[in-house]
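Hi,

Here is the structure I promised to pass on. Have a look at it first, then read my notes underneath.

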Amino acid sequence: MACALALLGASGPAIAQGYPTGPVRVIVPFPPGGGVDGMGRFLSQKLYDSFGKTFPIENRSGANGNIGTELAAKSPKDGYTLLFTGAGLVTNPSLYDKVPYDPVKDFEAISRVSLAPNVLVVHPSLPAKSVKELIALAKARPKQVLFAGSGSGSTPHLAGELFNTLAKVEMVHVPYRGSGPAVMGLLSGEASLSFLPATNAVQLVKSGRLRALAVTSLTRLPAMPELPTVSESGLKGYESSQWYGVLAPAGTPADVLNVLNAHVAKIMQVPDTKQRLSGEGIVAVGNTREQFAAYIKSEITKWAQVIKQSGARVD
């Protein structure tokens, strides 16, 4: 990171000097108002503050992110088109028979911006007050414990399938048309549990409408420090979180990528940024290009195995 930050004040290759000279469009492959869009707009404003140039968001939604992602992959490789996306980038290739892009070959990783863990929550009527008790209950009631998700292939759905795989249980996914209906289904008792984004779960847990068992990240969540992780609660190595990251079309000049990475890394390390995001259940990251690229590859492999075993499909 120190080397990357040095680029901000160094006289690097000519193409990076003065970059950007105009607006840089940021394609978000999801509709306005969702988690990816919200985090993308947050970063867009911070990049404007950092560069003094606009980074306008262009929402190109459809096909669970595939339409906008394809558009970004086929955009000019000049540093003036970026992709801001999330976990669908690494799960879609296994959920669909075919996607019109390669998440590794068609993109240059810039930085994983932030991490948004889920919280394993249960309806108060479910007689399970820990992960171990939930596993025991699910084993005693195979295919009878229902978990709500915001659609087939969504992060909450796959979080549940990973839980099934590691715990060797058979909980059944109930797909709803979005996170709002999924929450309502859970609150009404149609489903017994869910893996909700922390941003949605915190207030529902504090109000007593749901009971939290664990957080799905490998480390505890600053917004709910008393809540153990699923991994430390008995399923060692369990990790399933939404993440947000910024990429560019493959072939974008490396010096431009390095400058962008340096700015993003600096933005995500600002104490005010960390504090604001933490209050919303989001963890600031801002890692290196190499770390983000390696993470993408590992996540593709991990979720391909889970999806194959569960039989999850979107087509």
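Below is what turned up, starting with the cores and moving on to the helices.

It's a predicted model, so local features need pLDDT of at least 70 and side-chain atom pairs count only at pLDDT 80 or more, while totals for chains, interfaces and linings use all residues. Residues are numbered from 1 along each chain as its sequence is written, and side-chain values use heavy atoms, with hydrogens and water left out.

The largest nonpolar core (buried Ala, Val, Leu, Ile, Met, Phe, Trp, Tyr and Cys residues joined through side-chain atoms within 4.5 Å; buried is under 20% relative accessible area with a 1.4 Å probe, protein chains only) has 50 residues, and Phe163 and Leu193 touch the most other members. Helix 11 (residues 289-310) gives the largest share of this core, 7 residues; helices here are DSSP runs of H or I, at least four residues, numbered from the N terminus. A separate second core of 31 residues includes Phe42, Phe55, Ile57 and Leu257.

Now the helices. In helix 7 (residues 179-188), the buried residues are Ala182, Val183, Gly185, Leu186 and Leu187. Just after helix 7, Gly189 has a positive phi of about 90 degrees.

The axes of helix 6 (residues 155-167) and helix 11 come within 10 Å and cross at roughly 80 degrees (axes are lines fitted to C-alpha atoms over the stretch in contact, with angles from 0 to 180 degrees between N-to-C directions). These two helices are therefore roughly perpendicular, a label for 65 to 115 degrees. In this contact (heavy atoms within 4.5 Å), helix 6 uses Leu158, Glu161, Leu162 and Thr165.

Cheers

Key: Angles under 35 degrees count as roughly parallel, over 145 as roughly antiparallel, 65 to 115 as roughly perpendicular and the rest as oblique.
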